[in-house]
Amino acid sequence: MSKRSAFGFLCRIMDSKVISSLAESPSSSKRSCWTHSSHKSIRHVRGVVFDMDGTLTLPTLDFAEMKRRLKLPPSSDILVSVQAMSGEDKEKSMAIIEEMEDEANRRLRLQPGVLDVLHFLARRGLVRGLITRNSDKSVRAFLEHVRQLCASAADEYPLFSQQPLFSQVITREFHPCKPDPAPILHVCDVWSVDPSDVVMVGDDRVDMMCGRAAGAATVLLANKHNAVGHADQADHTIASLHDLISLLTP
């Protein structure tokens, strides 16, 4: 699937309105959010791009188990490794990934604060994007789940009935995917926004690498698994999605 066709396909399904923990702050600090010295302010930004799994949803995929089933080294990048395969090996590996993703979709739970943050961004007139290494199918499951939850919150979040939650969505069908900066650069091109006016919010090092390589500011949603290993790659670290509102408030 081409970049444009993957984009167009997913943007057409974005008319579904949307909702949202373990986002635990590192034990070494009681602050709910903090900015690393000499890093970028995000109060001026014009757009926000989110990762999906582990950022807008609670982590459901067991990547260590996935690597074990795929017979990959613990330090390997799953998508890079599988994309380098060919023939039957690649087909079998993709089948394992999709099976585990289907199971994760059945256990899908959303991060607390998703609706509040996205409605805040909509009120501020900030464009929203979604960049994920998940599949089209997983994104559709996410959006349908949110649509069902959001139907009962229309009065509280009226803007969701007037505009799509995300104006741009990219999945792993877009090549190259994160951590390459191409997904963010493509979104910025569509938005006609400079990457320096965009922030990437995610829970993994590939999100931080993607944002930094593109020239965007980066925000790490910290949890018990990632805070030690990835916080030094982020401009800002938050313990919950609600903390993003504080960072974006002038």
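This section describes the nonpolar cores, the internal spaces and selected local features of a predicted model.

The largest nonpolar core comprises 37 residues, and the members that touch the most others are I42, V48, F50, L121, F142, F166 and L244. Two or more residues of this core come from each of β2 (47-50), α5, α6 (136-150), β5 (198-202), β6 (217-221) and α10 (242-248). The greatest contribution is that of α5, with six residues. A second core, separate from the largest one, holds 14 residues, including V49, I131, V187 and C210.

C210 also belongs to helix α8, which spans residues 205-214 and has V206, D207, M208, C210, G211 and A214 as its buried residues. These buried residues pack against α7 (182-191) and against the strands β5 and β6. In an α-helix, residues three or four places apart point the same way, because there are 3.6 residues a turn. Both ends of α8 show a local feature. At the start of the helix, the backbone nitrogen of V206 lies within 3.0 Å of a side-chain oxygen of D204. Just after the helix, G215 adopts a positive phi of about 95°.

The largest cavity has a volume of about 80 Å³. Its lining consists of M52, D53, T57, T60, L61, E101, A104, N105, L108, N134, S138 and F142. Among these, F142 is also one of the residues that touch the most other members of the largest nonpolar core. Helices α4 and α6 are the elements that give two or more residues to the cavity lining, and α4 supplies the largest share, three residues. Sorted by class, the cavity lining contains five nonpolar, five polar and two charged residues.

The second largest pocket encloses about 260 Å³ of space. Sixteen residues line this pocket, and M94, E98, S135, R172 and E173 are those nearest its centre. Elements that give two or more residues to the pocket lining are α3 (78-83), α4 and α6. The most come from α4, with six residues. By class, the pocket lining has seven charged, five polar and four nonpolar residues. Helix α4 thus appears in the linings of both spaces, as the element that gives the most to the second largest pocket and the largest share to the largest cavity.

T132 is located in the loop between β3 (127-131) and α6. T132 counts as buried because its relative accessibility is 2%, under the 20% cut-off. The side chain of T132 makes a polar contact of 2.8 Å with the side chain of N134, and N134 is in turn one of the residues lining the largest cavity. Beyond its neighbours within four places in sequence, T132 is in contact with D51, M52, V139, I170, T171, R172 and K178. Of these contact partners, M52 also lines the largest cavity, while R172 is among the lining residues nearest the centre of the second largest pocket.

A second loop residue, P112, is found between α4 (87-106) and α5 (114-124). P112 is classed as partly exposed because its relative accessibility is 38%, a value between the cut-offs of 20% and 50%. The C-alpha atoms of P112 and S240 are 7.6 Å apart in space, although the two residues are separated by 128 residues in sequence.

Note on methods. Residues are numbered from 1 along each chain as its sequence is written. This is a predicted model: local features need pLDDT of at least 70, side-chain atom pairs count only at pLDDT 80 or more; totals for chains, interfaces and linings use all residues. Side-chain values use heavy atoms; hydrogens and water are left out. Helices (H or I, at least four residues) and strands (E, at least two) are DSSP runs, numbered from the N terminus. Buried means under 20% relative accessible area, exposed over 50%, partly exposed in between (1.4 Å probe, protein chains only). A nonpolar core is a set of buried Ala, Val, Leu, Ile, Met, Phe, Trp, Tyr and Cys residues joined through side-chain atoms within 4.5 Å. On a 1 Å grid over the protein atoms alone, a cavity is a set of points where a 1.4 Å probe fits but cannot get out, and a pocket is an open set with protein on both sides within 12 Å along at least five of seven lines; lining residues have an atom within 4 Å of a point. Grid points are joined across faces, edges and corners, and a volume is the space filled by probe spheres set on the points. Ala, Val, Leu, Ile, Met, Phe, Trp, Tyr, Cys and Pro count as nonpolar, Asp, Glu, Lys and Arg as charged, and the others, Gly among them, as polar. Contact means heavy atoms within 4.5 Å. A polar contact is a pair of N or O atoms within 3.5 Å; within protein, one must be able to donate a hydrogen and the other to accept it, and residues adjacent in sequence count only if both atoms are side-chain atoms.
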